[in-house]
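Me: I am new to this structure and would like a close look at a single part of it. Please take one contact between charged side chains and work outward from there.

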Amino acid sequence: MEKTTQCVVLLHGLAKSKYDMKKLQWVLDKQGYQVINYSYPSLKYPIEQLAEMVITDALTQCRHTTKIHFVTHSMGGILVRLYLQDNTIEQLGSVVMLGPPNQGSPLIDYARQILGNNLFKHQAGMQLGCTQRGISQQLGRANFELGIIAGKRTVNPILSLIIGGQNDGKVSVESTKLAGMKAHITLPVTHAFMMFNNKVIQQIVHFLRKGEFLEADSLCR
């Protein structure tokens with residue numbers, strides 16, 4: 001397919017890497033997008049530092065483009081929210097978030113109770129709790145075109161019990177939602193592997209093109 005003048009920045013989640021987004025990168029490249037599959041040290045710095053460092057650098061790689069989209073997994077979506085709270089991207093197109101902890105995850109608060117406040121205090125993951133100290137609670141509504149895909153399948157019933165409600169093993173469906181979002185769908189996928197799922201990828205491609213998700217009956221088997 002002929003290359004477009006649109007760029008898609010892929011941001012993986014906590015303790016992941018660009019290799020987790022490789023399948024999605026391949027599909028979007030075939031669709032003609034310039035794809036920036038950005039790998040960043042998610043365990044080394046706090047979210048505030050990561051957001052500025054990662055997105056600023058990624059934007060410099062989207063040269064000569066008319067639109068810049070973001071597709072994020074988990075914590076990657078929080079980086080975009082934080083960056084856009086204080087910065088404007090003139091060419092911003094759509095943002096698709098996969099399993100974002102937009103209202104935080106109780107697993108973080110549980111880990112803090114078990115491990116204490118100081119053990120991981122400088123790591124971004126410990127900023128993703130549900131309490132007021134969690135960075136997700138400090139950010140506002142979406143002021144950009146946002147589509148969210150939540151998962152409802154889990155392989156760890158113990159973690160799912162701690163989370164409560166429908167969840168993907170790490171984040172509840174309700175926690176993925178965000179005021180101002182344009183569209184939200186739930187698919188039978190797990191948190192760790194949703195970015196590899198063909199139906200998830202199909203929904204991502206459609207949202208980047210049309211600003212909406214496909215009806216369930218329209219998805220390929």
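Reply: A salt bridge joins E145 and K182, with 3.0 Å between the closest N and O atoms. E145 belongs to strand 5, while K182 sits in the loop between helix 6 (173–176) and strand 6, so the pair ties together parts that are 37 residues apart in sequence. E145 is partly exposed, its relative accessible area being 29%. The model is a predicted one, and the values below are computed from it.

The strands on either side of this contact are also paired. Strand 5 covers residues 145–151 and pairs with strand 6 in the parallel sense, over five bridges. One of the residues involved is G147, whose bridge partner in strand 6 is A183.

Strand 6 itself runs over residues 183–187 and has two unlike faces: A183, I185 and L187 make up the covered face, and H184 and T186 the uncovered one. In a regular strand the side chains alternate between the two faces of the sheet. A183 therefore appears twice in this picture, as the bridge partner of G147 and as a member of the covered face.

The count of salt bridges in the model is two. The other pair is E174 and K177, whose closest N and O atoms are 2.9 Å apart. E174 counts as exposed at 53% relative accessibility, because the cut-off for exposed is over 50%. K177 is partly exposed, with a relative accessible area of 29%.

Next comes a charged residue without such a partner. R81 is buried and yet has no salt bridge. The nearest side chain of opposite charge is that of D86, 12 Å away, whereas a salt bridge requires the nitrogen and oxygen to be within 4 Å. R81 lies in helix 3, which spans residues 75–86, and D86 lies in helix 3 too. D86 is exposed, with a relative accessible area of 59%, while R81 is buried. D86 also stands 9.9 Å from E52, C-alpha to C-alpha, with their positions 34 residues apart in sequence.

What R81 does have is a polar contact: its side chain and that of N102 are joined at 3.1 Å. Apart from neighbours within four places in sequence, the residues in contact with R81 are M97, N102, S136, L139, G140, F144 and L178. N102 thus appears both in the polar contact and in the list of contacts.

Just before helix 3 there is a backbone detail. S74, in the loop between strand 3 (67–73) and helix 3, has a positive phi of about 55 degrees although it is not a glycine. Most residues other than glycine have a negative phi, and most peptide bonds are trans. S74 is buried, with a relative accessible area of 10%. A15 also has a positive phi, near 60 degrees, and is not a glycine either. A15 is found in the loop between strand 1 and helix 1 (22–30), and counts as exposed at 52% relative accessibility.

Strand 1 leads to another parallel pair. Strand 1 (residues 6–11) and strand 2 run parallel and are joined by five bridges. Within that pairing, V9 has I36 in strand 2 as its bridge partner. Four of the five residues of strand 2 (residues 34–38) are buried, so the strand is largely enclosed by the rest of the structure.

T5 lies in the segment before strand 1 and is partly exposed, at 41% relative accessible area. Leaving aside neighbours within four places in sequence, its contacts are H64, T65, T66 and K67. T5 and I68 are 63 residues apart in sequence, and their C-alpha atoms are 9.1 Å apart in space.

Finally, the setting of these parts. The protein has seven helices and six strands, and from the N terminus its elements follow the order β-α-β-α-β-α-β-α-β-α-α-β-α. Of its 221 residues, 51% count as buried. Among contacts between residues at least 6 apart in sequence, 72% join residues at least 24 apart. The accessible surface comes to about 10,800 Å², and 51% of that surface belongs to carbon and sulfur atoms.

Notes
Residues numbered from 1 in each chain as written. Predicted model: local features only at pLDDT ≥ 70, side-chain atom pairs only at ≥ 80, totals over all residues. Heavy atoms only, no water. Buried < 20%, exposed > 50% of the residue type's maximum accessible area, 1.4 Å probe, protein only. Lys, Arg positive; Asp, Glu negative; His and termini not counted. Polar contact = N/O pair within 3.5 Å; in protein donor to acceptor, adjacent residues only side chain to side chain. Contact = heavy atoms within 4.5 Å. Pairing = 2+ DSSP bridges. Areas by Shrake-Rupley, 256 points an atom, 1.4 Å probe, with all protein chains shown as cover.
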